[in-house]
Amino acid sequence: MSIVFEQETKTFWLDGKGMTYTFFINPFGYAEHLYFGKTIPHESLMHTRAYGGLSKGIHPNPAIEGQRIWSYNYMKSELSFYGTGDYREPAVLVENAAGDRLSDLLYVGHEILSAKPSISGMPSMDGGETLVLHLKDSHTDFGADLYYTVYDDCDVIARRVVYHNGAKTPATLRRAYSFSLSLPGNDYEVTSLWGSWAHERFMQKTHVHHGVVSIDSKNTSSSATLNPFIAVSDMGTTETNGQVWGVNLVYSSSYVLKAQGDSGGHTLLMGGINDFDFYWTLDGGESFETPEVVIAYSAEGFGGMSRAFHDAYRNHLINPRYVKSPRPLLLNNWEGTSFNFDLEKLKAIVDAVEGTGIDTFVLDDGWFGTSRDDSHASLGDWHIVNERKLPGGLKPLVDYVHSKGMKMGLWFEPECLNEDSEVFRAHPDYIIGVPGRIHGIGRDSFMMDLTRKEVRDYIVDTVNKVIRDNKLDYVKWDFNRNVTESFSLGRDPKDQSRFAHLYALGLYDLCERIIEANPQVFFEGCSAGGGRFDPAMLHYFSQIWTSDNSDAEARTMIQYGTSMCYPLSSMSCHVSASPNHQTYRVSTMKTRADIAHLGATGYELDSTVFTDEDREEVRAQIIEYKECDESLVLEGDLYRIENPFEGNFFGFELVAKDKKKATLTMYRRINICNDYAKRIRLQGLDPDLRYYIPELDLTCSGALLMTVGIVVKIRGADFLTLKYHIDAIEE
Ligand code: DGJ
C-alpha cells in the first residue's frame, strides 16, 4: 500500500494490495482520472487520455495550446461538476449566493495522511493510508476535499468528500455525492440487489448504456427494495474471471448510485446521499461531510470482488471486539411463540435446549407494555414489563436463563411506537409527521423523530435502563417500517429537506449512545428481516437478521445475494421449524442446519416440541458448527460454487486463510430423475497440498480438486444438502 505524488507529472499513484488507482492534475488544473485496475508500474498513461468531439465540445477560455480539442464533456473527472460544459451527471450541484449553479473545481493542494480521519457523526472504515485532495472553485470560495484511502490487506478504495463554503454568504448544496469515477469503455454489465420483505437481495443484471442506470432508496433507510450496492463488470464476467468494480455505500438512509455510459467512450459511476428531496444550505464557513463509499476492485470476477469486501469489512469496519469472535449460539422464541408466551412457557423453551450447546436465549417482541398481544399496542413502552406474561418483571426470567449458564437477550424496536402506548400519550409530539395531516401507519406503528435530540435522549435513557437493570447480554434491534411524512417539528421550513440525512445522523447517534455505551452487550440488527442491511449498520451490528424468510430454499438465494458484499459472519441465519412459517415448505433438519451454518447460526422455533432425537440432532449440529464451520464463517474465504439463481443447485465453499481446511455445502433444489452427473471444481485450495475428503473417502491434491474436481451425488427427494469436509493432510 502506498500513496505517491509525482511532482513532475502531477500524478497521484494510489496502490492497494493488488490494484492501482491513478489520476493527474491536467494542464487546466482539473483532477483527471487515468486508471483504476490491477497493479501497474508507474509509467506515463498520457496516451490513454480521451479528448472528445471537435464541434460542440466546450473547453476553458483561454484554451491551452495542444489541448484545443479537450472538452469538459469528455473529461474523466475525479469529481464531476456542472455548468461549464459537462452535460453528464454531476457529482455536485451547488447553488451559489448569486443564484447561479456553476462550479469549476480546480486543484489547489493535497495532503497524505497516515492516520485516517473519521467522519463526524457517521461510521466509516478505519486504517489505511489517506490522500486528501483539495479542490476549489475558480470564482467562489466553494471547495471540495476528496478523501481516498487504500489498504494493504484488501483491494478496496474508500472515498468521500467534504464540501466547504469558504465564502461569507450562503451556498446551497442541491446534490452532494460521495464520489465520481470514470471507467474506460461502455461494455459493462451492472449487477444490483433488489428485494422486498422476506425476499431480500435478489440479484439483477442490466447493461451500461447511453443514458443512466440508477438504483436508489427514497425510504430514509437503505431499504430491502434496493441495497446500496452496484457492481460494474466486464461483459461476460463470471464468479472467477473478468474485471469487477463493486460499489457499496456506508450509509443507512436514502441514497442513489448511478452508472452512465457517455458518447466519449467512458462509463461514469457516482453516488451518495439521494439528492431527490434534498438540499442543504451552508452558511459562510460551514462544511458538509458525505458518507463513505467503498469501491472494491477484482480481476478475478465476482468472487474476488466479494472476498475484497469481506476482508475490508472484517478488518476495518465491523466492531473488532466481536467480528472474529464466536457469536452467541442462540435460541429465539419469535417463530416459536410469536406474542403468545408466559414465564412458564419461556422456561420450558430454555429447559428443552439444555445440554445442546445453545448458549443464549433471546426473548423477542411482546415482553413490554400492558397489552402487547399483537402489533397494535404498547410499542415504545420499554419502561413497562408485561406483568400478565412475566409476573415480577424480567428479573425472574433473566435469573432463570443465567442460572442455566446461558446468556439473556431481549428485543427492542427503539425507532417506532404505537399510538396506543404510554409513550405516545405522554409525548404525541415525538413522532415524525406534519401536524394536521394524517400519519401513515406501518405495522401499526408511528416513527420516533430521531432528528430531534430530546427524542433520542428519551430513547437512550429508557433502553439503556432496561439493558443495565437486567444485565442483558444481547439485544436484537428491530425496525419494522419505513419513514413517511418526512417532517420534523420545530425545524425551519427551509431546512426540512435535510430530514432524510438528519435521520441517519440521529440513528448513528442512538447507536453510539446505546451500542457503543454498552460494550459488554452483543447487538444484532434487524429491520423486518434484512430491510436495512448496509455497511454503516454493520459497523454497529456485527450481525444482522438476514431475512424473515427462514426457509432453506429461499435462504440459498437470499444468502447468495447478500454475500456479494457482506461477509458470511454478518448474516444471522436460524434453523426454524418445518413446514416453514413463511413458505410452508417442508425440509429436513439437516438441510435447514446446513444452510443456516453458512452464517452466524442459531435456532428459532418452539423447542418444547423437540423429541429426544430432535434434541440429539441439534446437539450434533452445534458440535459440527463449532468444530467445522464457525472459524470458516468468521475468518475464511468464500467461493461461490453454484448459483441458485441460475440452476438447480446452490454451492458455497469456505476455505481457511491458510488453506488447510475447507468445507463445501451443496444443495439441490429438485430431484430430477436420472439427472446428469453434477461435477464441481473446487476453488481456493493450495494446489501443492494434499487433502482428504471423508465423505468420498478420497485423498488427492488441491491441484486435482481444482482442475478436475469431484462429482456431487445427492440422493433422495427435493431440497437436500450434502456437505463435504476438505482437510489438508500430511502423508
Ligand atoms: C420482525 C423481525 O424480523 C422478526 O424477527 C421479529 O423480531 C418481529 N419483527 C417481531 O415483531
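Select Lys395 to begin: with a relative accessible area of 53%, Lys395 is exposed, because the threshold for that class is over 50%. The model on display is predicted. Add Asp399 to the selection; at 37% relative accessibility, Asp399 counts as partly exposed. The two residues form a salt bridge whose closest N and O atoms are 2.7 Å apart. Colouring helix 4 (residues 395-403) shows that both partners belong to that helix, 4 residues apart, or about one turn. Side chains of opposite charge can pair when their charged atoms come close.

Move next to helix 11, which spans residues 612-635, and select Lys626 and Glu630 there; these residues are again 4 positions apart in sequence, about one turn of the helix. Their closest N and O atoms lie 2.9 Å from each other, forming a salt bridge. How accessible is each partner, Glu630 at 9% and Lys626 at 34%? Glu630 counts as buried at its 9% relative accessibility, while Lys626, at 34%, counts as partly exposed. A further selection comprises Lys453, Arg456, Asp457, Asp509 and Arg513, which are joined into one network by salt bridges that share partners.

Select Arg372 and Asp365 for another pair. A salt bridge links Arg372 to Asp365, with 2.9 Å between the closest N and O atoms. Are these two residues buried or exposed? Both Arg372 and Asp365 are buried.

With these pairs displayed, zoom out to the charges of the whole protein chain. The total number of salt bridges is 47. The chain carries 70 positive and 101 negative charges, and the mean positions of the two sets are 1 Å apart.

The backbone offers the next stops. Select Ser578 and Pro579: the peptide bond joining them is cis, with omega at about 0°. Pro579 is located in the loop that runs between strand 29 (571-576) and helix 10 (589-596).

Go then to Lys10, in the loop between strand 1 (2-6) and strand 2 (11-15). Although Lys10 is not a glycine, its phi is positive, at about 55°. The side chain can be displayed as well: Lys10 has a relative accessible area of 39% and is partly exposed.

Which other lysine has a positive phi, near 65°? Select Lys659, a residue other than glycine with that value. Lys659 is found in the loop between strand 32 (649-655) and strand 33 (661-668). With a relative accessible area of 25%, Lys659 is partly exposed.

Finally, return to the full view and colour by secondary structure. The protein chain contains 12 helices and 38 strands. Along the principal axes, its C-alpha atoms fill a box of roughly 85 × 70 × 45 Å. For 731 residues, a compact globule would have a radius of gyration near 27 Å, and the chain agrees with this at 27 Å. Colouring by burial brings out the 62% of the 731 residues that count as buried. The accessible surface of the protein chain comes to about 26,300 Å², and carbon and sulfur atoms account for 52% of this area. If contacts are drawn between residues at least 6 apart in sequence, 69% of them join residues at least 24 apart.

Terms used
Residues numbered from 1 in each chain as written. Predicted model: local features only at pLDDT ≥ 70, side-chain atom pairs only at ≥ 80, totals over all residues. Heavy atoms only, no water. Helix = DSSP H or I, 4+ residues; strand = E, 2+ residues; numbered from the N terminus. Rg over C-alpha atoms; globule rule 2.2 N^0.38 Å. Buried < 20%, exposed > 50% of the residue type's maximum accessible area, 1.4 Å probe, protein only. Contact = heavy atoms within 4.5 Å. Areas by Shrake-Rupley, 256 points an atom, 1.4 Å probe, with all protein chains shown as cover. Lys, Arg positive; Asp, Glu negative; His and termini not counted. Charge placed at Lys NZ, Arg CZ, Asp CG, Glu CD. Salt bridge = Lys/Arg side-chain N within 4 Å of Asp/Glu carboxyl O.
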